[in-house]
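Here's a quick tour of some charged side chains and a few backbone oddities. Have the viewer open and click along as you read.

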Amino acid sequence: MIYRLGDFHFPDDPARLYPGTPTRPWVLEIGFGDGRFWPHYARTFAEAPNYLGVEISGTSLLKAHRRLKDAGLDNAILTKLPAEVLLPGVIPPASLDAIVVNFPDPWPKAGHEDHRLLRVPFFQQAASRLKSGGAVLLTTDHEEYFEFACAQAEASGVMRVERTEPPAAALETKYALKWRDLGLGANHARFVPTAPTPATFLPFAPYLESEPNVPHAVLTLPADFAPQAFQKQTVRGPHWTVVLLDLYATLRRGGWVALAHVVEGDLTQEVLVGITEREDGTHLVRLAKFGGPIITPGVKAAVGAVTEWLEREGAAVKHRGY
Ligand SMILES: C[S@@+](CC[C@H](N)C(=O)[O-])C[C@H]1O[C@@H](n2cnc3c(N)ncnc32)[C@H](O)[C@@H]1O
């Protein structure tokens with residue numbers, strides 16, 4: 001099953017995600033690529049653990065989805081998100097039995113280490129999300145990244161490093177086969193939490209649970225409103241940046257739609273904000289459902305940015321619901 005960010009709860013509950021198999025172990029795989037690891041690994045258990053796979057490539061998502069479906073792995077969820085959003089947003093504390101990372105992007109150039117996943121903040125997040133007895137399982141051909149990851153795990157102060165042999169399934173992934181064909185070996189480490197670690201969450205996670213209203217505003221446009229005056233604009237808040245990229249006229253019902261780019265930490269959303277006329281002649285500025293946006297403070301701010309631009313253009317705001 002494929003989940004979008006908006007399909008999750010923040011944090012979520014494995015019993016809700018896997019209603020048919022709520023008590024099975026839970027494995028998160030980060031960067032599953034074309035999805036070869038899980039069908040191999042799941043076979044080594046009498047009952048397939050619950051699986052959550054996170055990946056940023058849409059093409060990989062579809063390939064893996066097909067593969068897991070063909071393997072009959074029903075208790076498997078795939079999602080297209082950065083792990084840096086999924087882990088602190090969706091995963092509850094002390095809930096995972098394993099976090100699997102096979103052949104992560106090594107970012108080999110000097111000065112690019114900040115792009116690597118396996119750094120101190122990741123290990124601290126991972127330690128807070130693993131159950132007692134759980135571990136992060138890393139397999140990589142890249143010796144320099146392997147040593148870097150081991151050093152970062154030690155530096156996190158919350159992980160013990162055990163250098164061991166990789167599970168056989170980790171040697172069957174697309175990248176494992178690619179490196180094997182080139183005669184390269186694979187390094188494997190288990191990173192085991194050494195102490196209970198307090199969980200931190202995405203700054204807006206509690207907000208997502210408590211905000212049922214779609215952000216909106218009601219206003220009266222000036223008689224001489226000129227939508228062509230729109231210009232690309234950027235608005236910054238404490239934890240978000242909103243860029244209003246463009247404004248489009250809608251043909252079916254009249255009015256306009258603003259396209260906004262919203263960045264909050266590692267989470268980026270593209271959202272549409274509609275401006276439509278109401279029967280009484282006022283206009284409604286409202287977040288559109290299109291694309292299934294999740295209503296974060298940044299998305300609310302996008303509705304605010306459109307409203308405030310219209311205000312600068314002479315609109316009289318009657319109601320703010322953002
Ligand atoms: C080198 S490939 C390895 C793929 C697969 N694990 C394998 O062994 O064949 C690394 C994968 O990690 C994914 N990836 C990179 N950064 C990610 C992130 N922040 N969150 C989730 N996936 C990520 C990439 O899209 C890519 O598919």
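On the surface of this predicted model, K63, R66, K174 and K178 come together as a patch of positive charge. Two helices feed that patch with at least two residues each: α3, spanning 58-70, and α7, spanning 174-181. Take K178 as a sample member. K178 sits in helix α7, and its relative accessibility of 40% puts it in the partly exposed class.

Now for charges that do find a partner. The salt bridge count comes to 12, and here are three of them:

| Pair | Closest N to O distance |
|---|---|
| R24 and E47 | 3.7 Å |
| D34 and R36 | 2.9 Å |
| R163 and E147 | 3.0 Å |

What does the R24 and E47 salt bridge tie together? R24 is in the loop between α1 and β2 (26-30), while E47 is in the loop between α2 (37-42) and β3 (50-55), so this contact links parts that are 23 residues apart in sequence. With 24% relative accessibility, R24 counts as partly exposed.

The R163 and E147 salt bridge joins a strand to a helix. R163 belongs to β7 (residues 159-163) and E147 to α6 (residues 143-156), so the pair connects parts that are 16 residues apart in sequence. E147 is partly exposed, at 42% relative accessibility.

D34 and R36 have more going on: salt bridges with shared partners join D34, R36 and R67 into one network. Is D34 buried or exposed? D34 is buried, with a relative accessible area of 10%. Its partner R36 counts as partly exposed at 25%.

Next, the backbone. Most peptide bonds are trans, and most residues other than glycine have a negative phi. With that in mind, have a look at three spots.

One is the bond between F10 and P11, which is a cis peptide bond with omega of about -5°. P11 is in the loop between β1 (2-3) and α1 (14-17).

The other two spots are F103 and W107. F103 isn't a glycine, yet its phi is positive, at about 50°. W107, also a residue other than glycine, has a positive phi near 45°. F103 lies in the loop between β5 (96-102) and α5 (120-129), and W107 is likewise found in the loop between β5 and α5. As for cover, F103 is buried at 9% relative accessible area, whereas W107 is partly exposed at 35%.

Technical notes:
Residues numbered from 1 in each chain as written. Predicted model: local features only at pLDDT ≥ 70, side-chain atom pairs only at ≥ 80, totals over all residues. Heavy atoms only, no water. Patch = residues over 30% accessible without salt bridge, like charges linked within 9 Å, V, L, I, M, F, W, Y side chains within 5 Å. Areas by Shrake-Rupley, 256 points an atom, 1.4 Å probe, with all protein chains shown as cover. Salt bridge = Lys/Arg side-chain N within 4 Å of Asp/Glu carboxyl O. Lys, Arg positive; Asp, Glu negative; His and termini not counted. Charge placed at Lys NZ, Arg CZ, Asp CG, Glu CD. Helix = DSSP H or I, 4+ residues; strand = E, 2+ residues; numbered from the N terminus. Buried < 20%, exposed > 50% of the residue type's maximum accessible area, 1.4 Å probe, protein only.
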